[in-house]
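Student: I would like to take a close look at a single part of this model and understand how that part relates to the rest of the chain. Could you walk me through it slowly?

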Amino acid sequence: MTNLLRADFYKLFHTKVLYVCTFVLLCYIGIVAAAFYSLDHMPQEKKAMLQEGNQSAEGVSLTVDDEVDISVQFLQSGTQFVATVISESGIIVLIIGIMIAILVGGEFKERTIKSMVAKGYKREHIVITKIIVSAVAILIMVTCAALVAFIIGSVLSGKANSYSNSELLAIVRSLLGGLATFVAFSSLYTFIVIAIRNVELSVVINIVIILMLPNILGVIERAWKIPFSEIQLTEGLNRVIESNASIANLSHLGILFVGYVIISTIVACLVFKRADV
């Protein structure tokens, strides 16, 4: 298994997939930061935007009246901007799905995994290696994004040296929650790619999952009172951020993380063990 890990890490750092996906995420962060900064320096435009009644992802109407104070900044601090980036988990999960599909699915397309099986490596070790390497790739990408978001938010908000210990602790906990969420998604996506063994189809399915599955589960929950929100990673992450990274919500998310990773790994091993590569 050590040889498998060494080979996969070498491939990870000597191909462009990780670097391109990280660059795309950083570009997204830069665009959001620029938009927030512009709105903070154009109060009338900001007020007009809110008065249009834009809809958030949850369908909440963002409206204000003439008496509302619009001096509150969109870009308040580095810690606040990091929390904003992490809470917009859809974009990050979308990038993760594409990256995992290319990283793992590409090995099926190139017959690399078939070669590993032919050399006598255990299929369970191959699956676990893919999940570990995918998780490390996600940790690198998201940590870099959080660090850049913190620096940009601190510089643009002018609050680079005014963080309390409680603020820093809360954002570290939120970041840990975000990392756990995204690693859990990476294990789920790795399972999907191993089950399908096709790059293009894996990308499509991963995109469909992040775009449609939360809405489908929400409809089922409202119709039949099945508490799917309790086992959704994104809902768990939102609760962590909204509660300022409370221990209770962080613990709940940790349980979800362990469950997703273990179940995804076990099912992926079972599926791959019976697969014809």
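Tutor: Let us begin with Leu211, which is exposed, since its relative accessible area is 54% and a residue counts as exposed when that value is over 50%. Please keep in mind that we are looking at a predicted model. Leu211 lies in helix H9, which covers residues 199–224, and Leu211 is one of the residues that make a nonpolar surface patch of about 600 Å². The other members of this patch are Leu201, Val204, Val208, Met212, Leu213 and Ile216. In an α-helix there are 3.6 residues a turn, so residues three or four places apart point the same way. With that in mind, you can follow Leu201, Val204, Val208 and Leu211 in the patch list as you turn the structure.

For the wider setting, the protein chain has eleven helices and two strands, and along the sequence they follow the pattern α-α-α-β-β-α-α-α-α-α-α-α-α. The protein chain exposes about 14500 Å², and carbon and sulfur atoms supply 66% of that area. Buried residues, on the other hand, make up 40% of the 277 residues.

A helix that shows buried residues well is H11, which runs over residues 247–273. Its 27 residues should span 39 Å at 1.5 Å a residue, and its end C-alpha atoms are indeed 39 Å apart, so the two values agree. The residues of H11 that are buried are Leu253, Leu256, Ser264, Thr265, Ala268, Cys269 and Phe272. What do the buried residues of H11 pack against? They pack against H5, H6, H7, helix H8 (165–196) and helix H10 (233–242). This goes well with a figure for the whole chain: among contacts between residues at least 6 apart in sequence, 78% join residues at least 24 apart.

Now let us turn to the charged side chains. Side chains of opposite charge can pair when their charged atoms come close. A search of the whole structure finds six salt bridges, and one of the pairs involves H11 itself, as the side chains of Lys273 and Glu124 meet in a salt bridge at 3.6 Å, N to O. This pair links distant parts of the chain, with Lys273 in helix H11 and Glu124 in helix H7 (residues 123–157), 149 residues apart. Lys273 is exposed, with a relative accessible area of 52%, whereas Glu124 is partly exposed at 28%.

Another salt bridge joins the side chains of Glu110 and Lys11, at 3.3 Å from N to O. Glu110 lies in the loop between helix H5 (89–109) and helix H6 (112–118), while Lys11 lies in helix H1 (residues 2–13), so the pair ties together parts that are 99 residues apart in sequence. Here Glu110 counts as exposed at 53% relative accessibility, and Lys11 is partly exposed, with a relative accessible area of 26%.

The side chains of Arg239 and Glu230 also meet in a salt bridge, at 3.2 Å from N to O. Arg239 counts as partly exposed at 24% relative accessibility, and Glu230 is partly exposed as well, with a relative accessible area of 36%. Finally, Asp8, Glu107 and Lys130 are linked in a network of salt bridges.

How values were computed:
Residues are numbered from 1 along each chain as its sequence is written. This is a predicted model: local features need pLDDT of at least 70, side-chain atom pairs count only at pLDDT 80 or more; totals for chains, interfaces and linings use all residues. Side-chain values use heavy atoms; hydrogens and water are left out. Patches are made of residues with over 30% relative accessible area and no salt bridge: like charges are joined within 9 Å, nonpolar side chains (Val, Leu, Ile, Met, Phe, Trp, Tyr) within 5 Å. Accessible areas come from the Shrake-Rupley method with a 1.4 Å probe; for residues, only the protein chains shown count as cover. A salt bridge is a side-chain nitrogen of Lys or Arg within 4 Å of a carboxyl oxygen of Asp or Glu. Helices (H or I, at least four residues) and strands (E, at least two) are DSSP runs, numbered from the N terminus. Buried means under 20% relative accessible area, exposed over 50%, partly exposed in between (1.4 Å probe, protein chains only). The expected span of a helix is 1.5 Å times one less than its number of residues. Contact means heavy atoms within 4.5 Å.
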